Amino acid sequence: MVAAPLPPDEAGRLAALRALAILDTAAEPLYDDIVLLAAQLCASAIALVSLIDEDRQWFKACVGLDITGTTREQAFCAHAILNPHELLVVEDAASDPRFCDNPQVTGAPCIRFYAGAPFLAADGSALGTVCIIDTEARALDERQASALRALARQVGALLELRRNEITLRTQAEDLATLSAQSERQRRKSDELLDVVLRGGNLNLWDHRLSEKTWRCNARQLEMLGYSKVDAQPGMPDWETLMHPADRLLAEDAMRRHLKGETSSLSSEHRMRHKNGTWRWIRSNGLVVERDATGAPSRIVGTDQDITVQREEQEALLLVNAMLERTNKMAHVGGWQLELASGEVRWSKEMYRIHEVDPGFDPSLLITPDFYPAAARPALEEAMRRTMRDGCPYDLELPFITAHGKNLWVRAQGIAVREKGEVVRIEGAFQDITERKTAQLALEQSEERLTLALSGTRSSVFDWNLETGLVHRGPQFSVMRGGDAIDTVCDGEGVAAMIHPDDLPTVNSFAS
């Protein structure tokens with residue numbers, strides 16, 4: 001087994017990973033959806049969102065395995081992150097010198113095929129991969145490769161959103177601490193405030209209502225591409241820079257805070273940069289002074305350029321929309337069951353397959369009632385084993401919708417554990433009526449053919465004139481007094497079964 005070397009940026013890569021505080025966290029639906037989608041799009045038994053730590057790989061999301069990770073030395077993903085912008089595909093691990101003697105190959109889970117797409121931190125370092133694994137050697141087509149890369153990009157976007165949320169939460173906590181400082185610590189607090197603002201890329205403004213003045217620090221001007229000269233009297237009014245479509249909402253947020261309807265001012269709006277582009281700004285403010293009548297006289301706040309975050313949010317919405325469209329095309333729904341509360345969550349496609357209204361609470365449904373009586377024991381036993389032992393299940397069952405429509409469905413479920421205990425079951429639910437109907441029709445046709453051949457003491461054969469091989473069905477062996485097995489013979493073997501007087505006729509037919 002060849003252990004992967006360390007990436008050249010290993011120290012920075014580990015620092016970026018630890019800053020996310022994501023290792024050993026609980027399962028999250030967005031990541032679980034990604035591995036389910038990866039497994040379905042790539043027709044794979046196993047799919048992972050794998051993070052490579054200093055000495056291990058840990059699975060943030062996993063389908064098809066009941067482990068949470070492996071050692072880094074055994075991790076295929078440790079090789080994948082060496083080339084952050086490339087897809088690592090191992091079509092047959094048993095014949096690859098890097099992996100042929102890997103315990104993951106020679107033993108459970110018996111890996112033969114692997115494909116991993118690295119996802120990146122903001123600095124470009126690879127933190128892990130979205131990967132798929134199978135126990136049979138195979139190839140990956142371009143459509144599946146593109147899907148795997150796209151899912152890896154979305155994991156990177158989710159991690160960047162997590163990093164931004166941690167940063168914003170830290171900033172909010174720091175600002176709350178600063179505002180609680182006493183008057184005698186003001187000078188020290190002001191110095192600390194400046195440090196925090198710079199660290200959080202926040203801009204400070206001060207609006208004195210009684211004087212009708214609005215002041216800001218230099219960073220506020222720079223954010224929109226302006227200098228101090230641009231802010232002098234006679235220059236454009238800063239309020240006119242706000243996008244017309246957002247102005248009323250921003251003004252309403254200010255009015256409500258000044259009237260005491262909200263504890264703080266909070267607004268997200270677009271403002272025009274000096275170069276003509278629009279930037280998304282998040283404003284947070286607080287009334288800090290009042291006049292003798294109690295009316296607000298001064299409000300102080302911060303602005304932050306959140307254009308990148310908004311674009312990432314929009315990208316995430318697009319991913320969710322894509323997942324919904326994909327599930328609809330594939331007739332696949334997703335579901336979750338919280339064991340402690342009994343709460344059930346369904347995707348939109350679940351409602352459509354069951355033929356119930358989208359607003360209906362699925363917790364009120366008795367799931368076995370949708371299955372014929374003969375199919376219920378298998379499903380109930382599978383659910384019991386999953387809840388008790390965490391065993392996944394994958395069943396194909398007949399199904400009856402709320403409107404009485406007969407379907408065939410594929411029902412899958414996996415256990416989600418916290419601190420070793422099964423706390424939730426998640427799964428996929430697919431309408432496979434069309435495929436199952438075709439399969440049953442084929443099986444019925446083959447059964448009729450077998451009965452017809454048996455009843456007429458006939459046998460079928462397939463003679464490949466190019467190779468000379470003759471394939472005979474099991475009835476031929478029975479006719480000759482043997483067991484019902486398929487036989488394959490070459491030319492000499494065929495000739496040996498034919499009476500010498502009949503050989504010329506057979507040979508003339510073959511020629």
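## Helix α1 and its packing

In this predicted model, the buried residues of helix α1 pack against two strands, β1 (46-52) and β6 (126-134). The helix itself spans residues 10-19, and its buried residues are Glu-10, Arg-13, Leu-14, Ala-16 and Leu-17. When α1 is viewed down its axis, these buried residues fall within an arc of 160 degrees, so they line one face of the helix. The helix is followed by Ala-21, which has a positive phi near 50 degrees.

Ala-21 also appears among the contacts of Arg-162, a residue that touches Leu-20, Ala-21, Ile-22, Thr-25 and Glu-28 when residues up to four places away in sequence are not counted. Arg-162 lies in helix α5, which covers residues 142-179. With a relative accessible area of 19%, Arg-162 is classed as buried, because the cut-off for that class is under 20%.

## The chain as a whole

The chain has 511 residues, of which buried residues make up 40%, and its secondary structure comprises 15 helices and 19 strands. Among the contacts in the chain with a separation of 6 or more, 51% are accounted for by residues 24 or more positions apart.

## The β7-β8 hairpin and Leu-265

Strand β7 (residues 203-208) and strand β8 (residues 213-216) pair in the antiparallel sense, and four bridges are found between them. One of the residues involved is Asp-206, whose bridge partner in β8 is Arg-215. Four residues lie between the strands of this hairpin, in which Lys-212 takes a positive phi near 55 degrees.

Leu-265 is placed in strand β9, which runs over residues 265-272, and its relative accessibility of 4% makes it count as buried. Leaving aside residues up to four places away in sequence, Leu-265 touches Trp-205, Ala-253, Met-254, His-257, Ser-283, Asn-284, Gly-285 and Ile-299. Leu-265 and Leu-286 are separated by 21 residues in sequence, while their C-alpha atoms are 6.0 Å apart in space.

## A five-stranded sheet

An open sheet is built from five strands in the order β13-β12-β16-β15-β14, and the pairing is antiparallel. At its edges stand β13 (344-346) and β14 (393-400), each of which has a single partner strand, so that one side of each is left without a neighbour in the sheet. From one strand to the next, the twist averages 25 degrees.

The pairing of β13 with strand β12 (residues 332-338) is antiparallel and extends over three bridges. Within this part of the sheet, Leu-337 stands opposite Val-344 in β13.

## Helix α11 across the sheet

Helix α11 (residues 376-389) lies across β12, β14, β15 (406-418) and β16 (421-431), and the direction in which it runs is at about 145 degrees to β14. The helix has 14 residues and reaches 20 Å from its first C-alpha to its last, which is close to the 20 Å expected at 1.5 Å a residue.

In α11, the residues Leu-379, Ala-382, Met-383 and Thr-386 are buried. These residues cover an arc of only 95 degrees around the axis, which puts them on the same side of α11. The elements that cover them include β12, β14, β15 and β16, the strands across which α11 lies. After the helix comes Gly-390, whose phi is positive, near 80 degrees.

## Cysteines

How many disulfides does a search of the whole structure find? The search finds zero, and for Cys-62, which is in no disulfide, the nearest cysteine sulfur is that of Cys-131, at 8.8 Å. Because a disulfide requires the two sulfur atoms to be within 2.5 Å, this separation does not qualify.

Is Cys-62 buried or exposed? Cys-62 is buried, with a relative accessible area of 17%. Cys-391, by contrast, is partly exposed, with a relative accessible area of 22%; the cut-off between these two classes lies at 20%.

Conventions:
Residues numbered from 1 in each chain as written. Predicted model: local features only at pLDDT ≥ 70, side-chain atom pairs only at ≥ 80, totals over all residues. Heavy atoms only, no water. Pairing = 2+ DSSP bridges. Axes fitted to C-alpha atoms, helices over the stretch in contact; angles between N-to-C directions. Contact = heavy atoms within 4.5 Å. Expected span 1.5 Å × (residues − 1). Buried < 20%, exposed > 50% of the residue type's maximum accessible area, 1.4 Å probe, protein only. Arc of directions from axis to C-beta.
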